[in-house]
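Subject: Structure for your review

Hello,

Please find the structure you asked about below. My notes come after it.

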Amino acid sequence: MRAGGVLSDAPEVTSEAARATTGADARVTTSPLVRKSGGAVSDRIAAYLIRGCACLAIVSLVLIFVFIGKEALPVFTSGEVRQEAGMTRLFLPAAEKPAFAWQPVSEPPRYSLLPLLLGTLKVTLIAVVVAIPLAVAAALFTSEFAPPWLREIIKPAIELLAGIPSVVIGFFCLMVVAGWLQQAFGWTFRLNAVTAGSGLSLAVIPIVYTMAEDAFTAVPRAFREGSLAMGASRWQTAWRIVLPASSAGLLAACVLGFGRAIGETMIVLMASGNAAVLSLSPADSVRTFSATIAAELGEVVVGSSHYHVLFFIGAFLFVLTFLTNLAGHWWIGRLQRRLQGAS
Amino acid sequence: MTMYMAIRNPQSAVRNAAGWFFGTLTGIASLIVVTMVVIILGNIVVNGAGRISWQFLTRTPEMGMTEGGIFPAIFGTFSLVVLMTLVVVPMGVATALYMHEYAPKRSRLVKVVRLAIQNLAGVPAIVFGLFGLGFFIQFIGRGMDQGLYGGDLHYGQPAIIWAALTMALLTLPTVVVASEEALRAIPQSYREAAYAMGATRWQVIRRVVLPQAVGGILTGAILAVSRGAGEVAPVMFTGAAYFLPYLPTRLNDQFMELGYHVYVMTTQSPNVEETKPILYATVLVLLLLTFSLNFTAIMIRARIRSRLRAGR
Amino acid sequence: MARTAVTILAACGLVALAGCGQPTSGTRPSGGGRARTVTIKGSDTMVILCQRWAEIYMHHNPGVTVQVTGGGSGTGIAALINGGTDICAASRPMKDKEKEQIKARHGKDTTEIPVALDGLTVYVNDANGVEQLTRLELAAIYQCRITDWKDVGGAPGRIVCYGRENSSGTYQYFKEHVLQNKDFATEVQSLPGTAAIINAVLKDKSAIGYGGKGYETKGVKELRVSTKAGEPGTLPSLDNVLTGAYPLSRKLFFYTAGEPAGEAKAFIEWVLGEEGQKVCEQVGYYPMPRK
């Protein structure tokens, strides 16, 4: 039977199959036989289409960078935009008071990014400081200490938390949490960095928890068993063996959580007060990058300096999260290599 | 017995105490997280459940959003999500197929694609909104208007098609990861058997691999839908509207969306106290939608895993 | 691998190159592509009013669709310039610079149509003891020169100022007429809509906020505003707004690029008619004075 040309080179088939069964290269798909075979036209078309689609992910990422960068470029290149919103105006103090102000609609417009940068960092730091200890401790608990029935309660609860849309978290923060926090601490401003930060931490906890738990379960059983065999208790094993071994994964979790916190929009838009205040106190309102874009993009005229500055902020956010993602995944790769090498 | 041991060996007593302390500390952290989840859900259910009724789900908003229902928002979310799925599932599955079936082993392209997918997953939602505005609406939409309609504004403005494409990009990583997991779970022997019987690569994929992978792909699609129904920032400027008197039936219509409706009612509704019950009820509907989708995906995934474990 | 990389780069390059040459002006609005549609975008102050008008008008004219979106007067004006709307609803008059941009993009003059009257109201919590403020005190509060309620006759407590986003016409009007075109203090919290401001004032005893008159609700009270110290303040009632006795009376506008035509014209004429003007009072604003 001669079907499709595959059996026409019989000797190669058997040697290929032999190599496949010995497991050295179990991917029959890389057989030169399959590539050489003429096959139906549909086979070729399918191959081209699929290869094309695969490149779509790369193309999209590049396109995002290109198109956001294209609209942000006039901040550097156009003389007109540079006058109102050039790099000096964006970052250095201005002559009139207050020195750093974000007031895009005054005459002349003020575009200092520093209050926004400070606001973003404040909220992100609060979120990360609250979320990471809680999430890592919870992950340690579920993977080392918790009995199986308790694990079955905690893990679904956190998956539920991951499924809550951020607009709902922002809504809850605005309606309920802001009031509680103000009653508890007696702040002047009800909507401030801590309110927004605590809402943000609710969004970050599931990410850090999942990655930390993956890191802990990736630690080979042999590590734990060896430690217990030498007389260490369970918590000593967890503290001295599991945590250090998975440190790269934990670092990746923190970095990815940080990246998510920086880019989150709806929670800060609803719960932070959106005041571009330059202050270090966490009890003051803040205005973050993402909330600024969301609040002001609707009112810009396409092509105005305000429009280009907003895209510049977007490009900045994109580059920042891109770098944090690269760092995070590189650390995960390192963790995997280290653990696989050891086991 | 333990007391005796403690007196005999004070070191181990301290160690046990420390162990309890550590275990309790991490246990408390878990308890805090779980309690927060319970509080959020409880607050929303308690405040919103009273308003939900068949009427609420099937009528349009009336009297300035203080009465009536949220049917247009449900329909709009549904249409958005259907369009998005039609785009993202073929693309995501094709990407996963390439990475797992077609690419030579250790290919650099696969590494780059994987990197791109991971980074796409980390891009903030508002940046997708900017991209949707800058690329889909300003570039492709305006271009279509110039070419097909001679300058009249048809596609160069917020529309459901652009919002769906933006969301498709946002959820592409979810689908790709789930599909890859599904493909990896199929035993290699299935493929080898098919090749040994003379099938071409595409035949193997179409007849053997894809039918087996449907469960995992479905999981990915459902998770993508759940994410797509909940994200607001990407659709704020690419198609969502506050009050539309019509349902989106054409590709260049705008649409109402549950998440955007929640945001807008919280900030722009005419009478905050009167709309509070409706607001909570809308939030509850959105939550129920995303949770039921997530739950379905988890069930399917669990069933696939148990079937595989039993099968091997 | 190299071949694929080159193909990808070439594709991206082509797309980017084409993107650089795209014209961003020169498109004409066409009502969203649907037959007999009128699009209204803009003021959040007017969004409830526009919505009621839309509901009733569509009830009388089943073939027509009137679509209303808020976002702030700035959003509406930007949409009018970008060509994305038929009618722009604005709670402040358009600036000359904006009218020039319309002329540049569409080659037409802007038509300004006042459609209702409003008294920009200052809201405080019911529990607040203060009953009235002068315009100068209001300006000082929003510039954080006065920061404590006791300085204006109330119980001691830090004043928490809530305002609108800078896309809002109400923000612009307040800035022009109360702050004399100076900037708000950075500590003023920017909330995305008047409803959010009312919500905040409701929950915070030491809060102060401003917004259209149509948003009053139980738990917040309106302050009397006077022009000079010593003069009795006035509430934004119909008479005070009509005669201008209330210092923050303002007109609410519809703007179109060029003369309104077709469905938009019919809708605007209905709004200015008797039935349309009666809706103003139902929503909480005031009808235009009869000529």
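The notes below go through chain C, then the contact of chains A and B, then chain A and a few single residues.

Please keep in mind throughout that this is a predicted model.

Chain C

Chain C has 10 helices and 12 strands. It is 291 residues long, and 50% of them are buried. If contacts in chain C are limited to pairs at least 6 residues apart in sequence, 71% of these join residues at least 24 apart.

One sheet in chain C is worth opening in your viewer. It is an open sheet of 5 strands in the order E8-E7-E9-E5-E10, and the pairing is mixed. Its edge strands are E8 and E10 (220–222) of chain C, each of which pairs on one side only. From one strand to the next, the twist averages 30°.

At the E10 end of the sheet, strand E5 (residues 121–125) of chain C runs antiparallel to E10(C), and 3 bridges join the two. To find this pairing on screen, start from Val124(C), whose bridge partner in E10(C) is Lys221(C).

A helix also packs on this sheet: H7 of chain C, residues 194–203. Helix H7 touches E5, E7 (160–164), E8, E9 (207–211) and E10 of chain C. The direction of H7 makes about 155° with that of E9(C).

Contact of chains A and B

How many residues does each chain bring to the contact? Chain B gives 74 residues and chain A gives 82. On the side of chain B that touches chain A, the largest share comes from helix H2 (residues 10–48) of chain B, with 17 residues. Sorted by class, that side of chain B has 46 nonpolar, 21 polar and 7 charged residues.

Chain A

Chain A is divided into domain 1, residues 38–65, and domain 2, residues 91–342. Taken over C-alpha atoms, the centres of these two domains of chain A are 35 Å apart.

Glu71(A) is a residue to look at here. It lies in helix H3 of chain A, which covers residues 41–72. Is Glu71(A) buried or exposed? Glu71(A) counts as buried because 25 other C-beta atoms lie within 10 Å, and the cut-off for buried is 20 or more. Leaving out residues up to four places away in sequence, Glu71(A) touches His308(A), Phe311(A) and Gly134(B). The partner His308(A) is 237 residues from Glu71(A) in sequence, yet the two are 5.8 Å apart in space, C-alpha to C-alpha.

Two residues with positive phi

Asn274(A) and Gln180(C) both have a positive phi without being glycine. For Asn274(A) the value is near 50°, and for Gln180(C) it is about 55°.

Both sit in loops. Asn274(A) is in the loop between helix H14 (266–271) and helix H15 (289–296) of chain A. Gln180(C) is in the loop between helix H6 (169–177) and strand E8 (189–191) of chain C, and that strand is one of the edge strands of the sheet described above.

Their surroundings are as follows. Asn274(A) is buried, with 27 other C-beta atoms within 10 Å. Gln180(C) has 10 C-beta neighbours inside 10 Å and therefore counts as exposed, the cut-off for exposed being 12 or fewer.

Regards

Notes: Residues are numbered from 1 along each chain as its sequence is written. Chains are lettered from A and ligands numbered from 1 in the order in which they are written. This is a predicted model: local features need pLDDT of at least 70, side-chain atom pairs count only at pLDDT 80 or more; totals for chains, interfaces and linings use all residues. Helices (H or I, at least four residues) and strands (E, at least two) are DSSP runs, numbered from the N terminus. Two residues are in contact if their C-beta atoms, placed from the backbone, lie within 7 Å. Ala, Val, Leu, Ile, Met, Phe, Trp, Tyr, Cys and Pro count as nonpolar, Asp, Glu, Lys and Arg as charged, and the others, Gly among them, as polar. Two strands pair if DSSP finds at least two bridges between them. Axes are lines fitted to C-alpha atoms, for helices over the stretch in contact, and angles run from 0 to 180 degrees between N-to-C directions. Domain bounds come from an automatic or database domain assignment.
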